Amino acid sequence: MFLKKIAVLISFLLISVISNAQTQNSNKTFLYQGRVDQLQNDQVILIGTASSVSFNFIGNKCSISLQIVDSYEHHNYVQLVLDGKYIGKIRIEKGAVQSFPIKVTSNKKEHRLEIYKNTEAHSGNILFAGTTAKLIPISFKKKKKIEFIGDSITCGAASDPSDVPCDKGEYMDHHNGYYAYGPTLSRAIGADYLMSCVSGIGMYRNWNDENKDEAIMPDVYPNLYLTKDASKPRYDFAFQPDIISIALGTNDFSGGDGKKERLPFNPEKYVSNYIDFIKMLYKHNPKAQIVITNSPMVGGDKALVFEDCLNKVKNAFADDKSHKTIQIFKFKPMTPNGCSGHPDVADHKVLANEYAPFLKKLLNEK
């Protein structure tokens with residue numbers, strides 16, 4: 001156990017704090033996207049939902065090496081896209097670096113493999129330790145960029161019971177980051193994306209916490225790993241999105257588990273924290289168009305209060321001529337079909353179809 005902990009520590013000490021949300025290695029053979037931590041030897045730690053490493057190769061021989069780098073016992077998942085086609089998930093068990101063969105059936109001379117982290121940052125981190133494939137340079141086109149900030153809905157958490165039923169397994173078994181609404185709509189409109197989301201998190205309080213024991217989104221967002229752990233690198237804001245989409249409030253409005261103390265919703269705290277959070281985002285992303293959304297999971301009288309709060313946040317910046325006017329987008333109410341009251345993959349497609357035209361129009365206006 002001691003030696004394992006030392007090995008994990010060494011791997012983190014090798015980290016070079018280069019956390020651009022879209023960057024390449026020096027040989028231009030790997031493309032890294034999302035919240036990732038690059039290592040000195042072309043390895044990379046995938047942190048956030050749908051963070052990824054991609055590469056081009058020739059021939060039909062390819063295997064990839066992956067490892068869970070957290071000290072606690074758990075498993076994790078990545079999702080694979082080969083030559084533009086989604087080919088499924090890989091489950092990674094705790095332990096040494098594992099090699100996974102990639103079945104290549106196409107007769108094409110050149111191939112592209114994209115490896116996406118299926119789960120969110122709080123489900124643990126995955127090391128991409130290399131590939132046996134014969135690499136060739138990978139190129140990418142500069143696209144418009146969208147950052148999605150949110151909670152479990154944005155993460156695609158509890159959306160996919162296709163491999164493990166909802167009443168079985170663990171929370172991470174039901175994630176599907178690749179088919180969450182943000183990545184889905186981004187692919188549809190040809191945009192690059194960054195996911196900054198945490199299950200259960202809110203703007204001033206979390207699903208079952210009054211900001212006493214747990215960190216809220218304004219606390220963890222500036223940390224690359226979406227945690228308050230001071231030993232982890234800070235997020236460098238290199239992505240510079242054209243649009244920042246914020247979907248936070250479902251957990252602030254939640255009643256919790258009914259066992260832990262839950263105070264009435266405090267609109268003043270919610271609005272105040274939201275305004276401060278946007279000011280921080282503007283400081284680091286001065287040219288971004290900010291969109292704030294309601295929640296398809298919040299209805300009735302709460303939905304009216306929610307909308308009023310969003311209008312107050314928007315109006316707080318009405319006289320700020322240095323930034324674009326904040327936009328509000330309202331999802332339609334939804335009865336979710338996923339696990340534990342969450343949207344499933346099909347529901348995420350519905351959300352993506354609703355939201356995509358709105359964001360596409362904003363991008364075309366830039």
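Here is a short chat about a predicted model.

Visitor: Which residues does UniProt list for the domain "Carbohydrate esterase 2 N-terminal", and what is the strand share of that span?
Guide: The name comes from an unreviewed UniProt entry, which gives residues 32-133. The end C-alpha atoms of that span lie 17 Å apart. Its helix content is 0%, and its strand content is 53%.

Visitor: Is helix H3 mostly covered or mostly open, and how many of its residues are buried?
Guide: H3 runs over residues 181-189. Buried residues there include Tyr181, Pro183, Leu185 and Ile189. They pack against strands E13, E14 and E15 along with helices H2 and H7. So much for the neighbours; H3 is mostly covered, with a buried count of 7 of its 9 residues.

Visitor: What residue with a positive phi follows H3?
Guide: Look just past the end of the helix, where phi is near 75 degrees. The residue there is Gly190.

Visitor: In the largest nonpolar core, which element supplies the largest share?
Guide: That core holds 45 residues, and Ile246 and Ile278 touch the most other members. E11, H4, E15, H5, E16 and H6 each supply at least two residues. The largest share, 9 residues, comes from H5.

Visitor: Which residues does Ile246 touch, leaving out those up to four places away in sequence?
Guide: Nonpolar side chains tend to be buried together in soluble globular proteins. Ile246 has contacts with Ile149, Met203, Tyr274, Phe277, Ile278, Leu281, Ile290, Val291, Ile292 and Thr293.

Visitor: How many residues are in the other core, the one that lies apart?
Guide: Among its members are Tyr116, Phe148, Met195 and Ala247. The count for this separate core is 29 residues.

Visitor: Why is the pair of Tyr235 and Phe237 called tilted?
Guide: Both Tyr235 and Phe237 are buried. Their ring centres are 4.8 Å apart, within the 6.5 Å that makes a pair. Their planes meet at 55 degrees, which falls between the 30 and 60 degree cut-offs, so the pair is tilted.

Visitor: And what about Phe331 and Tyr355: what kind of pair do they form?
Guide: Phe331 is in the loop between strand E17 and H7, while Tyr355 is in H7, 24 residues apart. Both are buried. Their centres lie 5.2 Å apart and their planes are at 75 degrees, over the 60 degree cut-off, so the pair is edge-to-face.

Visitor: Which residue has its charged end over the ring of Tyr235?
Guide: Elsewhere, Lys89 lies over the face of Tyr77, at 4.9 Å from the ring centre. For Tyr235, the charged end sits 4.3 Å from the ring centre, and the residue is Arg35.

How values were computed: Residues are numbered from 1 along each chain as its sequence is written. This is a predicted model: local features need pLDDT of at least 70, side-chain atom pairs count only at pLDDT 80 or more; totals for chains, interfaces and linings use all residues. Side-chain values use heavy atoms; hydrogens and water are left out. UniProt positions are given in the numbering used here, feature names are shortened, and annotations may be inferred rather than shown by experiment. Helices (H or I, at least four residues) and strands (E, at least two) are DSSP runs, numbered from the N terminus. Buried means under 20% relative accessible area, exposed over 50%, partly exposed in between (1.4 Å probe, protein chains only). Contact means heavy atoms within 4.5 Å. A nonpolar core is a set of buried Ala, Val, Leu, Ile, Met, Phe, Trp, Tyr and Cys residues joined through side-chain atoms within 4.5 Å. Rings of Phe, Tyr and Trp (its six-membered ring) pair if their centres lie within 6.5 Å; planes under 30 degrees apart count as stacked, over 60 as edge-to-face and the rest as tilted. A charge sits over a ring if NZ of Lys or CZ of Arg is within 6 Å of the ring centre and within 35 degrees of the ring normal.
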